[in-house]
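Here's a quick tour of the pockets and ligands in this one. Pull up the model and follow along.

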Amino acid sequence: MKQDKILIIGAGGQIGSVLTEALRASFGNDHVIASDLRPLNNQTGPFEQLDALNSRALAGIVNKHRITQIYHLAAILSASGEKNPLWAWDINMRSLFNVLEVARKKNIKKVYYPSSIAVFGREAAPTNTPQFEVLIPETVYGISKVAGENWANYYFKRYGLDVRSIRYPGIVGHESMPGGGTTDYAVDIYHYAVQGKHFECFLRENTPLPMLYMPDAIRATLQLMEAPAEKVKVRTSYNLSGMTFTPQAVAASIKKQMPDFQISYAPDFRQAIADSWPGSIDDTHAREDWGWKPEYDLDAMTTDMLFHLKKQYR
Ligand code: NAD
Ligand code: AKB
């Protein structure tokens, strides 16, 4: 087993719950400390209840477990953030500063800090958006991620802290539910389909967004974190691409296997957020620097989602 001790902050979330298990499979259950603001049940290894805004508590956990790597996943996502912008900014930024500072002071070897396609705004190229593009986001979440990416880059350049980051597209998975994002419909739709329920989508049918299936997201994260440091040339955050689809396309993909599935559309405030994001992004740098390549397209993801969710709802 590898010697590193890993702390995951936000381990109870959509990505954190799956990433925790993947890291435990790789490093050993006792080497991966899950933490979250909320108590979490059914843990397969050590758990610490932690408010990432509490820098003392964070330092205490780092000392207690002799942590060598931190995955900082806790954040307020795009749709939740728009309901209370200053609260979202405070949580997203203060938790990041606490992580960067404890990592610098305690000589943490590596930090993972996910960013998002939410860093882009309407001034960016709407398709195949380049890695180094103008970043004028329209959500507080996006603003916090642009700032966060730049702070990650600053700590790398100024202190040599090895912070690595991916701009995730919308993540779709069967293992966990999403928490307050604009891409959440792409998970919800499968849950409605397998329960035989009509789905009302909060985005228009023809809204294209970049998306990624959970196994690809986890593989990309581990691949980036295991890459030799000299291969990690982008120190803000890497564009990462999986697939692009509209709500209409995912409904059609489901209907191939469940012809009775019904969908209607009732766009709400999240439509404006989605309209400000690109439909696809260019991930050439991730491919060239550390060998990224997605495995799932829309139909392959649909098959896998329906297979697992049908078992879950049986
Ligand atoms: P999530 O909302 O599902 O989970 C976040 C977790 O953080 C929750 O379990 C929550 O309890 C915890 N948390 C919130 N405030 C906290 C605090 N003060 N201290 C400790 N824990 C706290 O989020 P997710 O979808 O798993 O996203 C994880 C990361 O990936 C986030 O940084 C997010 O911005 C990024 N991301 C996610 C997606 C996606 O589609 N899920 C896409 C792009 C980027
Ligand atoms: C959201 O919709 O807010 C997230 C994201 C793309 O960052 N899923």
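Which residues are around ligand 2? In this predicted model, they are Leu77, Ser78, Ser116, Ile117, Tyr141, Gly181, Thr182, Thr183 and Trp277. Three of them also make polar side-chain contacts with the ligand: a side-chain N or O atom of Ser78 sits 2.5 Å from a ligand 2 oxygen, a polar side-chain atom of Tyr141 is 2.7 Å from an oxygen of ligand 2, and Thr183 has a side-chain N or O atom 2.8 Å from a ligand 2 nitrogen. On its own, ligand 2 has 260 Å² of accessible area, and the protein covers 93% of that.

Now for ligand 1. It is surrounded by 27 residues, with Gln14, Ile15, Asp36, Ala52 and Tyr141 the closest. Tyr141 is also on the list for ligand 2. Oxygen atoms of ligand 1 lie 2.6 Å from a polar side-chain atom of Asp36, 2.8 Å from one of Arg38, and 2.9 Å from a side-chain N or O atom of Lys145. Here the protein covers 93% of the 830 Å² of accessible area that the free ligand has.

Here are the polar contacts side by side:

| Residue | Ligand | Ligand atom | Distance |
|---|---|---|---|
| Asp36 | ligand 1 | oxygen | 2.6 Å |
| Arg38 | ligand 1 | oxygen | 2.8 Å |
| Lys145 | ligand 1 | oxygen | 2.9 Å |
| Ser78 | ligand 2 | oxygen | 2.5 Å |
| Tyr141 | ligand 2 | oxygen | 2.7 Å |
| Thr183 | ligand 2 | nitrogen | 2.8 Å |

On to the pockets. The largest pocket holds about 920 Å³ of space. Its lining has 40 residues, and Leu73, Ala74, Ala75, Ile76 and Leu77 come closest to the centre. Elements giving two or more residues to that lining are α1 (14-27), α3 (78-83), α4 (85-105), β6 (115-116), α5 (140-159) and β9 (170-172). The largest share, three residues, is from α1. By type, the lining splits into 22 nonpolar, 13 polar and five charged residues.

Why does the largest pocket lie between two domains? Domain 1 (6-170 + 214-239) and domain 2 (173-211 + 243-280 + 297-312) both give residues to its lining, so the pocket lies between them.

The second largest pocket has a volume of about 160 Å³. Its 15 lining residues include Pro126, Asp275, Trp277, Pro278 and Gly279, which lie nearest the centre. Eight of the lining residues are nonpolar, five polar and two charged. Domain 1 and domain 2 both contribute to this lining too, so the second largest pocket also lies between them. Trp277, one of the residues nearest its centre, is also among the residues around ligand 2.

Note on methods: Residues are numbered from 1 along each chain as its sequence is written. Chains are lettered from A and ligands numbered from 1 in the order in which they are written. This is a predicted model: local features need pLDDT of at least 70, side-chain atom pairs count only at pLDDT 80 or more; totals for chains, interfaces and linings use all residues. Side-chain values use heavy atoms; hydrogens and water are left out. On a 1 Å grid over the protein atoms alone, a cavity is a set of points where a 1.4 Å probe fits but cannot get out, and a pocket is an open set with protein on both sides within 12 Å along at least five of seven lines; lining residues have an atom within 4 Å of a point. Grid points are joined across faces, edges and corners, and a volume is the space filled by probe spheres set on the points. Helices (H or I, at least four residues) and strands (E, at least two) are DSSP runs, numbered from the N terminus. Ala, Val, Leu, Ile, Met, Phe, Trp, Tyr, Cys and Pro count as nonpolar, Asp, Glu, Lys and Arg as charged, and the others, Gly among them, as polar. Domain bounds come from an automatic or database domain assignment. A residue is near a molecule or strand if one of its heavy atoms lies within 4 Å of it. A polar contact is a pair of N or O atoms within 3.5 Å; within protein, one must be able to donate a hydrogen and the other to accept it, and residues adjacent in sequence count only if both atoms are side-chain atoms. Accessible areas come from the Shrake-Rupley method with a 1.4 Å probe; for residues, only the protein chains shown count as cover.
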